[in-house]
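Please load the model in your viewer and keep a selection box open. The tour goes through the cysteines and then an internal space.

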Amino acid sequence: MPPSISAFQAAYIGIEVLIALVSVPGNVLVIWAVKVNQALRDATFCFIVSLAVADVAVGALVIPLAILINIGPRTYFHTCLMVACPVLILTQSSILALLAIAVDRYLRVKIPLRYKTVVTPRRAAVAIAGCWILSFVVGLTPLFGWNRLGEVERAWAANGSEGAPVIECEFEKVISMEYMVYFNFFVWVLPPLLLMVLIYLEVFYLIRKQLSKKVSASSGDPQKYYGKELKIAKSLALILFLFALSWLPLHVLNCVTLFCPSCQKPSILMYIAIFLTHGNSAMNPIVYAFRIQKFRVTFLKIWNDHFRCQSAPPVDEDPPEEGPHD
């Protein structure tokens with residue numbers, strides 16, 4: 001007999017479904033926009049597509065699994081572990097995609113003349129593939145043995161039970177907090193976030209330095225180039241800020257769980273932290289629509305062409321910006 005669902009769980013499920021209904025179409029629209037608009041084909045937007053793929057998977061896979069875990073089915077330990085791991089993979093993929101985006105924007109302003117020879121489509125594809133492979137390695141580490149199976153088996157045996165342990169499937173029952181804090185947070189989340197902050201600070205410094213130079217007749221193109229770079233950098237830095245704002249609360253709560261086992265964590269705080277992590281997947285398309293004109297124009301064209309059955313003006317497919325003296 002399936003477990004009964006309380007009113008609180010019903011509200012939780014309703015919010016999660018709402019997040020998924022915003023996240024999946026929004027990020028599919030991002031991928032679609034890059035496909036139809038030639039001006040969105042440079043390396044940065046390829047990394048944005050990788051980020052959007054992870055966000056689609058959060059809405060289509062992680063949120064349904066989170067709802068399943070919230071209902072609390074009884075499963076075998078490794079079944080529950082496989083349900084818990086996808087969110088770890090996709091979180092890591094998002095972080096690495098954001099790091100790749102930051103490095104790409106840095107190279108655009110640091111070496112604008114050599115950028116196209118350094119950041120080739122092949123290298124961008126290799127970087128994206130590498131990010132996903134590393135994400136799977138980090139996210140599947142609990143399946144390789146760094147989990148709570150030993151504790152569960154001891155508790156199972158102490159109750160006089162035999163065979164493979166069956167548990168109420170909850171994230172903290174199968175995922176080790178040592179893994180989440182020491183390995184996941186301290187190695188694969190916090191350092192990349194700090195590195196990205198430093199990279200964006202350097203990007204803004206380099207752009208401001210170029211824009212502060214005396215404008216002359218011959219420097220119009222560089223001024224235009226760095227002006228566009230500044231706008232895009234601000235938008236991408238906002239994406240990074242929202243990601244950190246969405247994910248750090250949950251990691252802080254994990255640290256509390258590990259370092260202060262006797263401390264009480266109000267369940268409402270846990271739910272808010274979980275909603276923030278899932279909701280982050282729905283935020284990015286909104287930022288793109290409001291802050292990056294090429295996305296906004298392409299979104300409107302897709303809407304008019306495919307959903308309103310009304311032809312829209314052609315998308316302004318300007319070629320990707322060249323360096324200041326190309």
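Is Cys-85 buried or exposed? Select Cys-85 in this predicted model: its relative accessible area is 1%, so the residue counts as buried. Now show the sulfur of Cys-85 together with that of Cys-80, the closest cysteine sulfur. The two sulfurs are 9.6 Å apart, which is too far for a bond, because a disulfide requires sulfur atoms within 2.5 Å.

**First disulfide**

Stay on Cys-80 and add Cys-169: these two are joined by a disulfide, with 2.1 Å from S to S. Look along the S-S bond of Cys-80 and Cys-169; the torsion about this bond is about 90 degrees, so the disulfide is right-handed. The bond ties together distant parts of the chain, 89 residues apart. Cys-80 sits in helix α3, while Cys-169 lies in the loop between β2 (166-168) and α7 (171-174). Both cysteines are buried.

**Second disulfide**

Next select Cys-260 and Cys-263, a pair that also forms a disulfide, with the sulfur atoms 1.6 Å apart. Here the torsion about the S-S bond is about 65 degrees, so this disulfide is right-handed. Switch on the surface at this pair. Cys-260 has a relative accessible area of 21% and is partly exposed; Cys-263, at 36%, is partly exposed as well.

The count of disulfides comes to 2. With bonded cysteines counted along the chain, the pattern reads 1-2, 3-4. Cys-255 is in no disulfide: its nearest cysteine sulfur belongs to Cys-260 and is 12 Å away. Select Cys-255 and check its surface; its relative accessibility is 14%, so Cys-255 counts as buried.

**The largest cavity**

Hide the cysteines and turn to the empty space inside the model. Searching the whole structure gives 4 cavities of 30 Å³ or more. The largest cavity has a volume of about 60 Å³. To outline this cavity, select Asp-55, Val-58, Leu-90, Thr-91, Ser-94, Phe-243, Trp-247, Thr-277, Asn-280 and Ser-281, which line it. Which elements give two or more residues to this lining? Colour α2 (43-71), α3 (77-110), α10 (220-259) and α11 (267-291) to see them.

Finally, colour the lining residues by class: 4 are nonpolar, 5 polar and 1 charged. The charged residue is Asp-55, and the nonpolar residues include Phe-243 and Trp-247.

Conventions: Residues are numbered from 1 along each chain as its sequence is written. This is a predicted model: local features need pLDDT of at least 70, side-chain atom pairs count only at pLDDT 80 or more; totals for chains, interfaces and linings use all residues. Side-chain values use heavy atoms; hydrogens and water are left out. On a 1 Å grid over the protein atoms alone, a cavity is a set of points where a 1.4 Å probe fits but cannot get out, and a pocket is an open set with protein on both sides within 12 Å along at least five of seven lines; lining residues have an atom within 4 Å of a point. Grid points are joined across faces, edges and corners, and a volume is the space filled by probe spheres set on the points. Helices (H or I, at least four residues) and strands (E, at least two) are DSSP runs, numbered from the N terminus. Buried means under 20% relative accessible area, exposed over 50%, partly exposed in between (1.4 Å probe, protein chains only).
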